[in-house]
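Colleague: Thanks for making time to go through this one with me. Could you put the model up so that we can talk it over?

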Number of protein chains: 2
Amino acid sequence: MAAVVDDRAVCCGHHRVCESCEVRDLAVCRVLSPEELRRFAALARHVTLESGATLFHEGDPATHVYSLTRGYLRLCKLLADGRRQITGFLVPGDFIGLAFADTYVYSAEALGPTRLCAFARTAFQDWLARTPHLEHELLGRARGELAAAQEQMLLLGRKSARERVASFLLAFARRLGREPGETVPLPMTRTDIADYLGLTIETVSRTLSGLRREGLIELVGKNGYRIRHAAALEAVAAL
Amino acid sequence: MAAVVDDRAVCCGHHRVCESCEVRDLAVCRVLSPEELRRFAALARHVTLESGATLFHEGDPATHVYSLTRGYLRLCKLLADGRRQITGFLVPGDFIGLAFADTYVYSAEALGPTRLCAFARTAFQDWLARTPHLEHELLGRARGELAAAQEQMLLLGRKSARERVASFLLAFARRLGREPGETVPLPMTRTDIADYLGLTIETVSRTLSGLRREGLIELVGKNGYRIRHAAALEAVAAL
DNA sequence: ATGCCACATTGACCCATCTCAAACTTTGTC
DNA sequence: GACAAAGTTTGAGATGGGTCAATGTGGCAT
């Protein structure tokens with residue numbers, strides 16, 4: 001369950017090279033020049049997480065920020081009695097560190113085998129101070145995350161279970177860049193979906209079954225789905 | 001109900017001077033040097049809103065960003081059938097424009113007589129590109145808003161009505177810098193509180209009455225309250 | 001192949017909150 | 001200072017989604 005800190009990420013090194021990175025055009029580093037990228041990579045450590053492993057815990061001192069290169073993460077907040085709210089799922093290319101300053105405001109857990117680049121927070125902030133276009137990129141991402149957070153508040157505060165599930169299926173497919181009709185992977189469990197949508201696992205299951213029975217979606221195993229009728233699903237989602 | 005665009009904000013002018021601004025140490029402009037402030041102020045227009053007036057509508061092209069200098073705003077998102085979610089209340093010193101790019105992602109409405117400084121979004125972004133420490137300030141604010149949004153997701157997704165109301169009373173008092181025991185103004189209606197907490201007006205009213213009956217809070221008219229027993233209220237809030 | 005285990009589905013019942021309704025209070029207006 | 005309008009409180013009954021419980025199922029280790 002532990003995080004494995006890998007070797008240093010070296011550009012032009014023998015092991016892993018930023019130029020051939022899987023998320024080269026998605027991650028924050030996309031705004032760096034080749035020369036900047038080389039120096040930036042010297043700060044990075046590769047981290048590997050096995051399925052279910054915790055990257056960091058809510059409340060712990062925030063020592064690092066991360067860039068997700070492969071796999072999926074869930075961000076969780078807990079109440080004292082164990083109730084859990086998942087505030088977001090991260091996909092490759094996402095940056096982890098926009099929302100917290102001194103301490104992590106959520107826990108981050110791997111939904112499957114996962115790889116990240118880790119940066120010491122202090123070193124990263126020094127870099128930020130000297131690299132305005134990187135800061136600009138982060139502000140743009142923060143903008144997007146804030147807008148998404150507002151949308152999620154609308155969902156959690158005012159939508160019915162059916163609307164929540166439909167909204168989630170549409171948003172997650174779009175997030176992964178899947179066209180309507182393509183199969184969308186569902187790397188999280190029903191429990192994760194429930195804790196993200198403010199529902200119970202039973203309600204999520206019943207609602208998915210209902211949407212399937214009506215022919216709006218198709219369930220591909222337990223870990224995938226296909227949107228059969230996007231327009232109808234959007235109508236259900238009350239967008 | 002319309003917004004009144006006032007005269008140009010001139011530093012060293014006859015009308016309103018940034019140096020004597022009520023939110024001099026709270027607003028984003030606090031990071032500007034006196035010389036920068038003078039040039040920055042030349043971009044600003046003062047805007048006055050009467051109670052209930054709409055500053056801008058969700059979905060409209062985002063032409064301006066704002067700094068709130070006096071009064072309170074609510075940020076609203078609407079569903080097609082009229083259901084409303086308030087995603088936040090703004091207090092003096094807050095910046096409006098972190099979450100949106102080309103179009104406003106929520107409507108902004110005045111809770112009472114309100115004053116703002118308005119900046120054309122394009123001009124503001126030009127300034128941002130040339131003023132890294134201003135961008136840094138905005139990123140810091142975005143960080144705080146993101147953390148607050150995550151907290152609100154936990155509230156909306158997992159807390160009971162009682163926990164939501166208690167959390168709100170504590171958070172709003174802290175937001176205004178009020179010590180426990182001081183009277184906190186409540187510039188929004190019960191309907192606003194309900195739409196912020198994902199509840200109905202009746203449930204908010206009943207819950208407030210309950211907390212008052214138990215001696216945890218005191219209601220000061222309809223537009224104010226006092227926290228009588230902060231520790232107990234925190235226990236109720238399930239923080 | 002088999003059995004196990006975690007996860008998912010389905011059903012029956014219950015309750016926190018919503019809905020509907022009526023009375024009350026405050027604020028502003030003439 | 002009386003009325004109207006808007007907002008708030010309180011009560012009684014309805015319900016969407018939660019809780020509890022039982023059954024189904026796919027993946028993996030042996």
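Colleague: Let's start at the DNA. How far does a polar side-chain atom of Arg206(A) lie from a base nitrogen of DNA strand C?

Modeller: Happy to, and please keep in mind that this is a predicted model. Arg206(A) is among the closest of the 17 residues that surround DNA strand C. One of the polar atoms in the Arg206(A) side chain pairs with a base nitrogen of that strand, and the distance is 2.7 Å.

Colleague: Which residue of chain B has a polar backbone atom 2.8 Å from a phosphate oxygen of DNA strand C?

Modeller: Both chains take part here, since the closest residues to DNA strand C include Thr203(B) as well as Ser205(A) and Ser209(A). Chain B also reaches a base of this strand: an N or O atom in the side chain of Arg206(B) is 2.9 Å from a base oxygen. The phosphate contact at 2.8 Å is made by a backbone atom, and the residue is Ala161(B).

Colleague: What share of the atoms of DNA strand C within 4 Å of the protein belongs to sugar or phosphate?

Modeller: Bases are part of that set of atoms, and they make up what is left once sugar and phosphate are counted. On the protein side, the surface near this strand has two nonpolar, eight polar and seven charged residues. The share for sugar or phosphate is 62%.

Colleague: Which helix gives the most residues to the surface near DNA strand C?

Modeller: Three helices each supply at least two residues: helix 5 (190–197) and helix 6 (201–213) of chain A, and helix 6 (201–213) of chain B. With four residues, the one that gives the most is helix 6 of chain A.

Colleague: Now for the other strand. Which residue has a side-chain N or O atom 2.5 Å from a phosphate oxygen of DNA strand D?

Modeller: Of the 17 residues around DNA strand D, those that come nearest include Arg190(B), Ser205(B) and Ser209(B). Sugar and phosphate account for 61% of the strand's atoms within 4 Å of the protein. The phosphate contact at 2.5 Å comes from the side chain of Thr203(A).

Colleague: And how far is a side-chain N or O atom of Glu202(A) from a base nitrogen of DNA strand D?

Modeller: Bases of this strand are reached from both chains. From chain B, a polar side-chain atom of Arg206(B) lies 2.7 Å from a base nitrogen. For Glu202(A), the distance to a base nitrogen is 2.9 Å.

Colleague: Which helix gives the most to the surface near DNA strand D?

Modeller: This surface divides into two nonpolar, eight polar and seven charged residues. The helix that gives the most, with four residues, is helix 6 of chain B.

Colleague: Let's look at helix 5 of chain B. Why is it described as largely enclosed by the rest of the structure?

Modeller: Its buried residues are Arg190(B), Asp192(B), Ile193(B), Ala194(B), Asp195(B), Tyr196(B) and Leu197(B). They pack against elements that include helix 3 of chain A and, within chain B, strand 5 (73–78) and strand 6 (84–90). The helix counts as largely enclosed because the buried residues number seven of the eight.

Colleague: Which residue follows helix 5 of chain A with a positive phi?

Modeller: Helix 5 of chain A has seven of its eight residues buried, so the rest of the structure largely encloses it. Its buried residues pack against several elements of chain A, including helix 4 and helix 6, and against helix 3 of chain B. Next after the helix, with a phi near 70°, comes Gly198(A).

Colleague: How are helix 2 and helix 3 of chain A oriented to each other, parallel or perpendicular?

Modeller: Helix 2 (residues 121–130) and helix 3 (residues 132–158) of chain A have axes 5 Å apart and an angle of about 105°. Their contact has six nonpolar, no polar and two charged residues. Angles of 65 to 115 degrees count as roughly perpendicular, so the two helices are roughly perpendicular.

Colleague: One last residue: is Arg121(A) buried or exposed?

Modeller: Arg121(A) lies in helix 2 of chain A. Beyond its sequence neighbours within four places, Arg121(A) is in contact with residues including His64(A), Val65(A) and Asp102(A). With a relative accessible area of 13%, Arg121(A) is buried.

Key: Residues numbered from 1 in each chain as written. Chains lettered and ligands numbered in written order. Predicted model: local features only at pLDDT ≥ 70, side-chain atom pairs only at ≥ 80, totals over all residues. Heavy atoms only, no water. Near = heavy atom within 4 Å. Polar contact = N/O pair within 3.5 Å; in protein donor to acceptor, adjacent residues only side chain to side chain. Nonpolar A, V, L, I, M, F, W, Y, C, P; charged D, E, K, R; others polar. Axes fitted to C-alpha atoms, helices over the stretch in contact; angles between N-to-C directions. Parallel < 35°, antiparallel > 145°, perpendicular 65-115°, else oblique. Buried < 20%, exposed > 50% of the residue type's maximum accessible area, 1.4 Å probe, protein only. Contact = heavy atoms within 4.5 Å.
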